[in-house]
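Work through the exercises below with the sequence and the model side by side. Try each task before reading its solution.

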Amino acid sequence: MRPTVLFALLVSYGVRAPVGKALAGFLFLAMLAGPAVAEKVHIVAFGDSLTAGYGLPEHEGFVPQLRAWLEAQDEDVRVVNAGVSGDTTAGGQARFEWSLTAELQGVILILGGNDALRGIDPATMRSNLDAILETAAERELEVLLVGMPGPGNYGPDYRAEFEAVYADLAEKHDTLFYPDFLAPLGDDPAEALDFMQADGIHPDAEGVARIVEAFGPSVQALIERIRSE
């Protein structure tokens, strides 16, 4: 409908001519613009085998299940799987920058599990994650930092120092923070094994589903932070 037709209709309903003409022009431009539609958000899930979906059919891995969960919540988001099995925080730091494509707006950072398995000094892990977060900040990427449970076999001091790394860096870099990726599997190690693959390290499909159900709202918070920029 052209502005002249809108103007005639408005005048016929008793709108004064000067006001009607201006209002008609505004309405016409609004019609051309159409409804506001939020643009797709682009996020990378950057991590190790837990992110990659080790040992599972592709559709049962963490990223595919997360995509399906977000789609069910009507989130218009693309999540790229950048998980590499066996990666430590050092390996992640080495490949992080060249993994970032131009359209990315956010990062889900899930690293540290292999550092724990190898007993790597938490100070080294801290330095590696800090460097990754610095790069993300330089690229103006929003980050959801995901913690991992510290291993108990190196003693309580190691475990406490390991777990403190995540909270400290989340505060330092003002990132969103999810304290424990594996927490949805239960506090009791014996109970958690019910949702693990035979290796006792990687979640099975049901375990991943539990993780995604608990973790999804934190990803929505990341999406909201990106959209509010």
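**Exercise 1.** Is Glu163 buried, partly exposed or exposed?

*Solution.* This is a predicted model.
Step 1. Take the relative accessibility of Glu163, which is 33%.
Step 2. Apply the cut-offs: buried is under 20%, exposed is over 50%, and partly exposed is in between.
Step 3. Glu163 therefore counts as partly exposed, at 33%.

**Exercise 2.** Find the salt bridge that joins Arg159 to Glu163, and place both residues in their helix.

*Solution.*
Step 1. Check the distance: N to O is 3.3 Å between the side chains of Arg159 and Glu163. The cut-off is 4 Å, so the pair qualifies as a salt bridge.
Step 2. Locate the partners. Both lie in helix α8, residues 156–173. Four residues separate Arg159 from Glu163, about one turn of the helix.
Step 3. Add the accessibility of the other partner. Arg159 has a relative accessible area of 38%, so Arg159 is partly exposed.

**Exercise 3.** Describe the length, bend and buried residues of α8.

*Solution.*
Step 1. Work out the expected span. α8 has 18 residues, and at 1.5 Å a residue they should span 26 Å.
Step 2. Compare with the model. The end C-alpha atoms of α8 are 26 Å apart, which agrees.
Step 3. Look for a bend. α8 has a kink of about 25°, centred on Ala164.
Step 4. List the buried residues of α8: Tyr158, Phe162, Val165, Tyr166, Leu169, Ala170 and His173.
Step 5. Identify what covers them. The cover includes α6 (113–118), α7, β4 and β5 (176–178).
Step 6. Step past the end of the helix. Asp174 comes just after α8 and takes a positive phi of about 55°.

**Exercise 4.** Which parts of the chain does the salt bridge between Glu75 and Arg227 link?

*Solution.*
Step 1. Confirm the bridge. The closest N and O atoms of Glu75 and Arg227 are 3.4 Å apart.
Step 2. Place the ends. Glu75 sits in the loop between α4 and β2, and Arg227 in helix α10 (residues 205–227). The pair links distant parts of the chain, 152 residues apart.
Step 3. Classify each partner. Glu75 has a relative accessible area of 18%, so Glu75 is buried. Arg227 is at 32% and so counts as partly exposed.

**Exercise 5.** Analyse the salt bridge between Arg225 and Glu142 by the steps of Exercise 4.

*Solution.*
Step 1. The closest N and O atoms of Arg225 and Glu142 are 3.5 Å apart.
Step 2. Arg225 belongs to helix α10 and Glu142 to strand β4. The two are 83 residues apart, and the pair links distant parts of the chain.
Step 3. Arg225 is partly exposed, at 24% relative accessibility. Glu142, at 17%, counts as buried.
Step 4. Set the pair in the whole. The structure holds eight salt bridges.

**Exercise 6.** Where do Asp74 and Glu140 lie, and what is the sign of phi at each?

*Solution.*
Step 1. Recall the background. Most residues other than glycine have a negative phi.
Step 2. Take Asp74. Its phi is positive, about 65°, although Asp74 is not a glycine. Asp74 is found in the loop between α4 (62–72) and β2 (77–83). At 70% relative accessibility, Asp74 is exposed.
Step 3. Take Glu140. Its phi is also positive, about 60°. Glu140 lies in the loop between α7 (122–138) and β4 (142–146). Glu140 counts as exposed, at 67% relative accessibility.

Notes:
Residues are numbered from 1 along each chain as its sequence is written. This is a predicted model: local features need pLDDT of at least 70, side-chain atom pairs count only at pLDDT 80 or more; totals for chains, interfaces and linings use all residues. Side-chain values use heavy atoms; hydrogens and water are left out. Buried means under 20% relative accessible area, exposed over 50%, partly exposed in between (1.4 Å probe, protein chains only). The expected span of a helix is 1.5 Å times one less than its number of residues. The bend at a residue is the angle between axes fitted to the seven residues ending there and the seven starting there. Contact means heavy atoms within 4.5 Å.
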